[in-house]
Each structure stands twice: as C-alpha cells, then as structure tokens.
Amino acid sequence: MSDDPTRVREFFGARAAHWDSRFPDDGPAYAAAVADLGLRPGDAVLDAGCGTGRALPPLRAAVGPTGTVIGADLTPEMLAEAVKAGRDRDGTLILADVARLPVRDGALDAVFGAGLISHLADPARDLRELARVVRPGGRLALFHPIGRAALAARHGRQITDDDLRAEPNLRPLLAGSGWELRDYVDEDHRYLALAVRRAE
C-alpha cells in the first residue's frame, strides 16, 4: 500500500486546506501518543510526514523550550497550513522526503510518524533512513488516531493480510530496518506501534 512521492504530494496537496476540519477531534489522541513516546525535556524529535503539524504542539510541550522539534513533509500545501495554524511556533518546518532527510546521523532522540507507513514509497528503505537519524536507544512511534479496522471501514474496505501496519508484517519490517518493536496497540480508537533503535 506504499505510494510514490509524486502521488502522495498530489493527494495531500489537494486536501491540505480542509485537512484539519475533516478531523477536528484528533488532538487528544495525538497528545496521548506523544506522551507514550517518552520524550524528556531537551530531547530532539522529528515529526516525519508532519502534514499540518497537529503533533507539533504536544511534541514541543514534551521536550520543552530547550528541546528540538522538526516537522518534515514533502507537501508544500500541508506545511503552509501548519504555518497558517501557527504550529511553526512549536517546531522548525522543512520540506523534505523522509527517504532523504537533511539530518545528521544519530542527531535525534525520537521520531513520531502519524499515518506515515502506508504512504512510504519504500518502507524498508525509509524506515532505515529514520533509524539513521536516531541515536541507538532512541524511539519511534507509528501512530494513527483510529485503528486499522476502523480506518478500513471508513474507506469502505476490509483489512488485508498484506497490511504493513499489521503486527506480523510490521515487526520483521522494523527489525530489518534497525528497529525493535516494543509495544503494539491496534484498537478502534487508536493505533500505536512503539519501537526502539537498535545499536549496530
């Protein structure tokens, strides 16, 4: 269910202006997922595929004024909406593909990715790139405000066995990309997979 960057940019670019109004009640779910990421004051964190930046305020609250928050997205229209909403005050926004991040090796303590994995062009490669920019022992949260079954129902589909977000598929995918899956929740009201960056 992966997408090439051009298709992703076109899909989200066309929807950016109304994205937040389509999902107005997701804020508490984002805040809860950020809390589970276990950030500390002073940490450096990337919101990968940040969209309109809904995770940036809770990420900033978690790392405090001495921490670093970066929001990266490849859709200019989404980043423009983040600025309109004032979320650029909570983090530095960059136009970038998660496949090629302008971040040095091991610079970050954590990565947060909301609705990210199904839009990666090459999930194994892109998760390796996220591992590259995180220090050993750092954390990754793959999040969605609703679970796989609820999301499939929203789109009039059934869950399929090849869904990358399913634990039997996600665990080896992460393991082959430098991560160890530590916690996995897939309920109607929440999807959250937490992983830790393995030492090489």
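Begin by selecting strand E7, residues 190-197, in this predicted model. E7 is largely enclosed by the rest of the structure, because 8 of its 8 residues are buried. Colour the two faces of the strand separately: Arg-190, Leu-192, Leu-194 and Val-196 lie on one side, while Tyr-191, Ala-193, Ala-195 and Arg-197 lie on the other. Both faces of E7 are covered, and the residues on each of them are buried.

**The partners of E7**

Add strand E6, residues 179-187, to the selection. E6 and E7 form a hairpin, with 2 residues between the strands. Their pairing is antiparallel and extends over 8 bridges. To find a point of reference in this ladder, select Leu-181, which stands opposite Ala-195 of E7.

Next, display strand E5, residues 134-144. E5 also pairs with E7 in the antiparallel sense, here over 6 bridges. Ala-195 is again a useful landmark, since Leu-140 has this E7 residue as its bridge partner.

What should be selected to see where Pro-136 makes contact beyond its sequence neighbours? Pro-136 belongs to strand E5, and the residues to show with it are Arg-197, Arg-198 and Ala-199; residues up to four places away in sequence are not counted. Of these, Arg-197 is 61 residues from Pro-136 along the chain, yet the two C-alpha atoms are separated by 5.1 Å.

**From E5 to E4**

Keep E5 in view and consider its cover. The strand is mostly covered, with 8 of its 11 residues buried. Now add strand E4, residues 108-114. E4 and E5 run parallel and are joined by 6 bridges. At one position along this pairing, Ala-114 stands opposite Phe-143 of E5.

Within E4, select Phe-112. Is this residue buried or exposed? Phe-112 has a relative accessibility of 0% and therefore counts as buried, the cut-off being under 20%. Show its surroundings, leaving aside residues up to four places away in sequence: Phe-112 touches Tyr-30, Ala-33, Val-34, Leu-37, Leu-46, Asp-47, Ala-48, Ala-55, Leu-59, Ala-141 and Phe-143. For one of these, Ala-33, a C-alpha distance is available: the atoms of Phe-112 and Ala-33 are 8.9 Å apart, with the two positions 79 residues apart in chain numbering.

**The cavity**

Phe-143 leads on to the next stop, as it is one of the residues lining the largest cavity. How many cavities of 30 Å³ or more are there? The count comes to 1, and the volume of the largest cavity is about 50 Å³. To outline it, select Gly-113, Gly-115, Leu-116, Ile-117, Leu-142, Phe-143, His-144, Arg-165 and Tyr-191. Strand E5 gives the most to this lining, with 3 residues. By class, the lining consists of 5 nonpolar, 3 polar and 1 charged residues.

**Helix H6**

Move to helix H6, residues 123-132. Its buried residues are Pro-123, Asp-126, Leu-127, Glu-129, Leu-130 and Ala-131. Residues three or four places apart in an α-helix point the same way, because there are 3.6 residues a turn. Displaying the elements around H6 shows what its buried residues pack against: strands E1 (44-48), E4, E5, E6 and E7, together with helix H8 (167-175).

Within H6, select Glu-129. This residue has a relative accessible area of 11% and is therefore buried, being under the 20% cut-off. Show its side chain together with that of Arg-132: the two make a polar contact at 2.9 Å. Glu-129 also touches Val-98, Ala-99, Arg-100 and Leu-101, residues up to four places away in sequence not being counted.

**The loop before E4**

Ala-99 provides the link to the last stop, Asp-97. Asp-97 lies in the loop between strand E3 (92-95) and E4. Where is the polar atom of its side chain in relation to the backbone nitrogen of Ala-99? The two lie 3.0 Å apart. Although located in a loop, Asp-97 is buried, with a relative accessible area of 14%. To complete the view, select Pro-5 and Leu-74, which Asp-97 touches when residues up to four places away in sequence are left out.

Definitions and conventions:
Residues are numbered from 1 along each chain as its sequence is written. This is a predicted model: local features need pLDDT of at least 70, side-chain atom pairs count only at pLDDT 80 or more; totals for chains, interfaces and linings use all residues. Side-chain values use heavy atoms; hydrogens and water are left out. On a 1 Å grid over the protein atoms alone, a cavity is a set of points where a 1.4 Å probe fits but cannot get out, and a pocket is an open set with protein on both sides within 12 Å along at least five of seven lines; lining residues have an atom within 4 Å of a point. Grid points are joined across faces, edges and corners, and a volume is the space filled by probe spheres set on the points. Helices (H or I, at least four residues) and strands (E, at least two) are DSSP runs, numbered from the N terminus. Ala, Val, Leu, Ile, Met, Phe, Trp, Tyr, Cys and Pro count as nonpolar, Asp, Glu, Lys and Arg as charged, and the others, Gly among them, as polar. Contact means heavy atoms within 4.5 Å. Buried means under 20% relative accessible area, exposed over 50%, partly exposed in between (1.4 Å probe, protein chains only). Two strands pair if DSSP finds at least two bridges between them. A polar contact is a pair of N or O atoms within 3.5 Å; within protein, one must be able to donate a hydrogen and the other to accept it, and residues adjacent in sequence count only if both atoms are side-chain atoms.
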